[in-house]
Amino acid sequence: MKSPKVIAEIGCNHKGDMAIAKELIMTAATYCKADVVKFQKRCNRELLTPEEYNAPHPHPENSYGKTYGEHREFLEFSLDQHRQLKQWCEDFGIEYSTSVWDVTSAKEICSLNPNLIKVPSACNLNKALLEFLCDNFSGEIHLSFGMTSRDEEEQIISLFESKDRNKDLVIYDCTSGYPVPFEDICLLEIVRLKELYQNRVKAIGFSGHHLGIAVDSAAVALGAEWIERHYTLDRTWKGTDHAASLEPDGVRKLVRDTKAVAKALEYKKEDILDIEKVQRNKLKRNQVKW
């Protein structure tokens, strides 16, 4: 079993503040020992209709602007700021990545040449976005299957195969909810995705929006090679994602536990392991030939 890679998804939990974003990167790298941090990039005028842009935030207590559009713009980092985020990641020894929500954002993030770019569940049917990434980005393309039918899954995989990019595709089992109750996580979907697609894609991961960290170790035991969880410095902060995120100690323990589970997923290399032989000689009585 490969040691799973853990993505600490910062998303917009930086609250539009580069100093907080830097602290999140530093903490994920030096304390949590995560493998990757992930941000988001959106062109809000491209994503939202004028009516959606100018409407009030559905949860005003979490809004950073008078309208939903103003709220989203407040949380958006520029390309130059993402360039700085990537540099900080390199300085602290952790991989930088970003979810792109539209073609404009994909073009911008591709110019930074990260190792991986994520397509969120909300955007996995944006054919123009998928085709742009297939044609213009040479790194890994990660894609979540939340809110996605089985027919749509097949259409997405087939598109990547038609572009000869399925070898660079990592797909994620995901239930899109914030937070997701345990009965709706449906971890056995990992098994189904492995049975259908493990020979057609590069790897299969798990993107969770649940509480706690027990489920993530089970995901690794079922074959997930990537674990993605939302990450914040304080779950009580203003914003919609903080309550469904892990704080640094949660991410640290998740990294520890999932990597331990991966190490344990082995068959015995011989009937009696070296570690057992001393104990066998000491403790196993009445050793007679049957």
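Buried here means under 20% relative accessible area, exposed over 50% and partly exposed in between, using a 1.4 Å probe on protein chains only. Helices (H or I, at least four residues) and strands (E, at least two) are DSSP runs numbered from the N terminus. This is a predicted model, where local features need pLDDT of at least 70, side-chain atom pairs count only at pLDDT 80 or more, and totals for chains, interfaces and linings use all residues. Residues are numbered from 1 along each chain as its sequence is written, and side-chain values use heavy atoms, with hydrogens and water left out.

**View A. Strand E8 is covered on both faces.** All five of the five residues in E8 (226-230) are buried, so the rest of the structure largely encloses this strand. Trp 226, Glu 228 and His 230 sit on one side, with Ile 227 and Arg 229 on the other. In a regular strand, side chains alternate between the two faces of the sheet.

**View B. E8 has E1 and E7 as parallel partners.** Strands pair if DSSP finds at least two bridges between them. E1 (residues 5-11) pairs with E8 over five bridges, and Val 6 stands opposite Ile 227. E7 (residues 203-208) is joined to E8 by four bridges, with Ser 207 opposite Glu 228.

**View C. One side of helix H6 holds its buried residues.** In H6 (residues 103-110), Val 103, Ser 105, Ala 106, Ile 109 and Cys 110 are buried. They share a side because they cover an arc of only 155 degrees around the axis, taken from the directions from the helix axis to the C-beta atoms.
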